[in-house]
Amino acid sequence: MTSLPTTEGVAPFRIDRVSAPCETWYKVIGDLHVPGAIPLVLLHGGPGACHDYLLPLQQLASRTRPMIFYDQIGNGRSTHLRHLRGDETFWTVDLFIAELSNLLDHLGVGSRAFDLHGQSWGGMLGAEYAIRGEHRQHIRKLVLSNSLASNALYLQGTNLEIGKFPQSIQQAIAEARESGEYDTEKCKAALDYFMRRLLSVAEPWPVPPLQTALEWLAKDDTTYFTIYGPNMLSPTGALRGWSIVDEVRQITAQTLVILGQLEGAQHIASQPFLDNIERVESVVIDGAAHMTHLDQPLKYYESNDTSPASFEKTLSALSSRITTTQTALDKTRASARRVKVLLVLYLGFAYLVYAIVQLVVVKYWNMGALEWAGMVGGPVFMILLRKTVGAYFNFRTDSLSKRLKDQQEERAKTIQKLKDATKYDSTMELIEKYGGDKKKEVSRSDSRDGKQPQQAIPPAGAPNRTRLPPPPTANIQHRTAPLPPPTHPETPAAGTSSPELGSLEPTAEFAPNAFSHPSSPPAPSRAEPVPHAAAATGPAEAHWYDRIFDVLLGEDETLPKNRIVLLCQSCRLVNGQAPPGTRSLAELGVWRCMGCHATNGAVDEGKRIVDEVLASSQQDEEKEEEDAVKRQIRGEEDLASIDVGGATEGQSTATGVERRDGATKRRDKSK
């Protein structure tokens, strides 16, 4: 993926009660002027946590989705107003709504479609803006992450969570709330316990993005103290009675509510979003607290992103995990088999030696109770030990099999999500119904006429073996079974020879019958030496000790019998074998037949769909750019014709205005 441009700047923001000029600092990742791009505006929490802890979300940015981060007024790199600390009449929600509108106008986003993402306090601000913001009609999608619709509901949920804490922590919090003293060691320890369980569970605590947010709050707590309160345990600021439970019905944008499984307070406080917003969906991410995007980043990105590029990353990660699990499962099964056999061999040998010593040396009439116990209990001990080891490996095998099944199901669900997000199934149905492939139509018409579709004719230089049915076994010729007689024998023309037959010899890399002619070769005379490759009619006969060595040392993946044959589906030519260790044709991918040059193999379904969607998206973007260029050229031609007409009539003149891309736009100007 190519890197996206990054732009930083400040937007002037005029506040009536502040005489000094104020500025809002912002950072744009991507290009806001790309045709069809829909910006994503991110609202940080706190208030006062600044944008830095949201920067991990920047990997969601793409060419058609630039991202806008900014520090709200009084925080971070924007203008600080410490002299207004505690002034609840100044630090209101209306102030931040006006600031957001001013920033959108400054960046030229307010008059076009955009998406809004708010985390914690940012979600409260985003919901308020979707209700009564100046540019609320242009909000396409709204993401409310770990947010709330009522401060009273949040306090109720927080108290329920505190009730689950140890008694000493509950007592320390109650004493601090009653006395108003939050600087004691007991209160600090209780606050630390609170944050480690409800704020973030990511390790090491706090993770760098969260540490940055806490440092910003420590540098200047003007907005946090005035709007929320002295700390998380005491929401006594300007928002203590804040609620938009009834107003959220006015939100018309498609809304996504994201919650962490471990933040119980938000589950209660965000319920009005789910009850009252018309178009709303919710996602609860397991193993995450209030900072869900830091606790479970991969799951968080999946819930936010429905782009093909994101699905490609997810499917790639799932494929790696499936491969790792499959490898571990195969190793566990091989180890189980090997350990069981070795256990029986060694214990059996030890028991045999013990029995011989007792019966031959000690003599059975001299054996006491202990010796007889060893003789009788030996087999019982061997059986019990083998069953115990078998139960252990069965447990590991079942666990890995269950994990592999879950990962495969997750992969199937992800592919289905990709199909749903891109409307793949419905699009393919429409294409097949109204714009199907002409080749399919031709084949169908031939079938209706009673004609059979013709098979692909291989090149003239292809081996004669290509027109025969497949051998009894794909990659190993039976030792005793003779080759079947050809159903349609073909006699090559005199004086012609196949270069492939002369240049390629059957080796360990190819099947024994890959390049042999179907007709039986003449028997060599005794005086003629028989080449080793020609004399070999199949794999060497397996012996009982080969089986033992396979158990002790493991099977050789390089042997032909343990490898997958590459059989062309068009001409039935054996193209050698897959590399050692290949478990399925899907792992090998696409390959081309060396005889008829037909394409064979299987493409992963998820990768195929992603490639098709990405190719379609790229074509759409190229078409949009081409249309934009055509419109620009057409506009310049129209303006040029107007200039010529105006100059002829002598009624007007033209002035040139330099544009962003370097072109000159002509505009009429009356005398």
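Two strands are taken as paired if DSSP finds at least two bridges between them. The elements themselves are DSSP runs, numbered from the N terminus: helices are H or I with at least four residues, and strands are E with at least two.

The model is predicted: local features need pLDDT of at least 70, and side-chain atom pairs count only at pLDDT 80 or more, whereas totals for chains, interfaces and linings use all residues. Residues are numbered from 1 along each chain as its sequence is written, and side-chain values use heavy atoms, with hydrogens and water left out.

**Exercise 1. State how many helices and strands the chain has, and what percentage of its residues count as buried.**

Step 1. The chain has 20 helices and 14 strands.

Step 2. Burial is judged by relative accessible area, computed with a 1.4 Å probe on protein chains only: buried is under 20%, exposed is over 50%, and partly exposed lies in between. On this basis 37% of the 671 residues are buried.

Step 3. A contact requires heavy atoms within 4.5 Å. Among the contacts in the chain with a separation of 6 or more, 70% are made by residues 24 or more positions apart.

**Exercise 2. Trace the parallel pairings from β3 through β5, β6 and β7 to β8, and give the number of bridges at each step.**

Step 1. Strand β3 spans residues 40-43. Four bridges link β3 to β5 in the parallel sense, and V41 faces L116 of β5 across this pairing.

Step 2. From β5, five bridges lead to β6, again parallel. Here F114 stands opposite I139 in β6.

Step 3. β6 (residues 139-145) is joined in parallel to β7 by five bridges, with V143 opposite L256.

Step 4. β7 pairs in parallel with β8 (residues 280-285) over six bridges. In this pairing V257 is opposite S282.

**Exercise 3. Determine how far β5 and β7 are buried, and assign the residues of β5 to its two sides.**

Step 1. In β5 (residues 114-119), six of the six residues are buried.

Step 2. In a regular strand the side chains alternate between the two faces of the sheet. F114, L116 and G118 point one way from β5, while D115, H117 and Q119 point the other way, and all are buried.

Step 3. β7 (residues 254-260) has six of its seven residues buried, so the strand is largely enclosed by the rest of the structure.

**Exercise 4. Describe the surroundings of L40.**

Step 1. L40 belongs to β3 and counts as buried at 10% relative accessibility.

Step 2. Leaving aside neighbours within four places in sequence, L40 contacts R65, P66, M67, I68, D115, L116 and H117.

Step 3. One of these partners, I68, is 28 residues from L40 in sequence, with the two C-alpha atoms 6.1 Å apart.

**Exercise 5. Characterise the largest cavity by its volume and lining.**

Step 1. On a 1 Å grid over the protein atoms alone, a cavity is a set of points where a 1.4 Å probe fits but cannot get out, and lining residues have an atom within 4 Å of a point. Points are joined across faces, edges and corners, and the volume is the space filled by probe spheres set on them.

Step 2. The whole structure yields two cavities of 30 Å³ or more. The largest has a volume of about 420 Å³.

Step 3. Its lining comprises 30 residues, with G46, S120, Y154, M232 and H290 nearest the centre. The elements giving two or more residues to this lining are α2 (121-132), α3 (151-162), α5 (185-199), α6 (208-219) and α8 (264-269). The greatest contribution is that of α6, with four residues.

Step 4. For the class count, Ala, Val, Leu, Ile, Met, Phe, Trp, Tyr, Cys and Pro are nonpolar, Asp, Glu, Lys and Arg are charged, and the others, Gly among them, are polar. The lining of the largest cavity then has 20 nonpolar, nine polar and one charged residues.

**Exercise 6. Locate the backbone features at P47, P206, R572 and H597.**

Step 1. G46 and P47 are joined by a cis peptide bond with omega about -5°; P47 is in the loop between β3 and β4 (67-70).

Step 2. The bond from W205 to P206 is also cis, with omega near -10°, and P206 is in the loop between α5 and α6.

Step 3. R572, although not a glycine, has a positive phi of about 65°. R572 sits in the loop between β9 (565-567) and β10 (574-577) and is partly exposed at 30%.

Step 4. H597, likewise not a glycine, has a positive phi of about 65°. The loop between β11 (590-592) and β12 (599-601) holds H597, which is partly exposed at 46%.

Key. 1 Å grid on protein atoms, 1.4 Å probe; cavity = no way out; pocket = protein on both sides within 12 Å on 5 of 7 lines; lining within 4 Å.
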